Amino acid sequence: QLTHWARASGWLVLYIPSARHYLSNSAFSKHASGLLDTPDTACDLLKSLHAAHATLLAGITLKDGTNLGELVECGARQSTVTGGIVDVTGAALQVLEALQNEDLGVPVLLAMDEYNCLFGGTEFMEVP
């Protein structure tokens with residue numbers, strides 16, 4: 001109900017209905033640092049944000065001059081943005097950073113169900 005109220009009140013809402021889904025239903029690549037990129041889930045995240053707020057996002061320009069709507073849309077389509085290729089995981093991280101750190105001119109809500117799943121195991125495993 002909170003997400004419905006916030007969207008109806010003009011908030012920018014990033015809703016993640018299942019954290020567990022993001023920890024089990026994706027391909028991944030592992031960096032030397034041990035961190036994992038999950039481009040499928042990053043793309044899903046951007047698609048849901050775009051579907052809910054395409055018009056609102058199109059009117060937001062970040063401090064670096066990037067249009068937030070274009071970044072979200074291109075990341076969701078895993079395509080190109082002005083100036084080069086978009087890494088979908090990088091695009092998702094840039095969007096999350098902007099939602100957290102920039103004054104977007106609208107209130108922002110990040111809502112996540114199954115949050116506690118982020119502190120347990122995942123289904124990701126490497127096959128030798």
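The following exchange examines a predicted model of a protein, with attention to one of its helices.

Trainee: How many helices and strands does the protein have?

Mentor: The order of elements from the N terminus is α-β-α-β-β-α-α-β-β-α-β. Counting each kind in the protein gives five helices and six strands.

Trainee: Is helix α4 largely enclosed or left open by the rest of the structure?

Mentor: Helix α4 covers residues 68-77, and a residue counts as buried when its relative accessible area is under 20%. The buried residues of α4 include Leu68, Leu71 and Val72, together with Gly69, Cys74, Gly75 and Ala76. Because seven of the 10 residues of α4 are buried, the helix is largely enclosed.

Trainee: Which residue caps the N-terminal end of α4?

Mentor: The cap is made by a side-chain oxygen, which lies 2.9 Å from the backbone nitrogen of Gly69. That oxygen belongs to Asn67.

Trainee: Which elements each supply at least two residues of the largest nonpolar core?

Mentor: The largest nonpolar core has 23 residues, and Leu46, Leu49, Leu68, Val72, Val95 and Leu104 touch the most other members. The elements that each supply at least two residues of this core are β1 (12-16), α3 (39-58), α4 and α5 (88-101).

Trainee: Which residues does Val72 touch, not counting residues up to four places away in sequence?

Mentor: Val72 is one of the buried residues of α4. In general, nonpolar side chains tend to be buried together in soluble globular proteins. With residues up to four places away in sequence left out, Val72 touches Leu46, Leu49, His50, Leu57 and Val95.

Technical notes:
Residues numbered from 1 in each chain as written. Predicted model: local features only at pLDDT ≥ 70, side-chain atom pairs only at ≥ 80, totals over all residues. Heavy atoms only, no water. Helix = DSSP H or I, 4+ residues; strand = E, 2+ residues; numbered from the N terminus. Buried < 20%, exposed > 50% of the residue type's maximum accessible area, 1.4 Å probe, protein only. Polar contact = N/O pair within 3.5 Å; in protein donor to acceptor, adjacent residues only side chain to side chain. Core = buried A, V, L, I, M, F, W, Y, C linked by side-chain atoms within 4.5 Å. Contact = heavy atoms within 4.5 Å.
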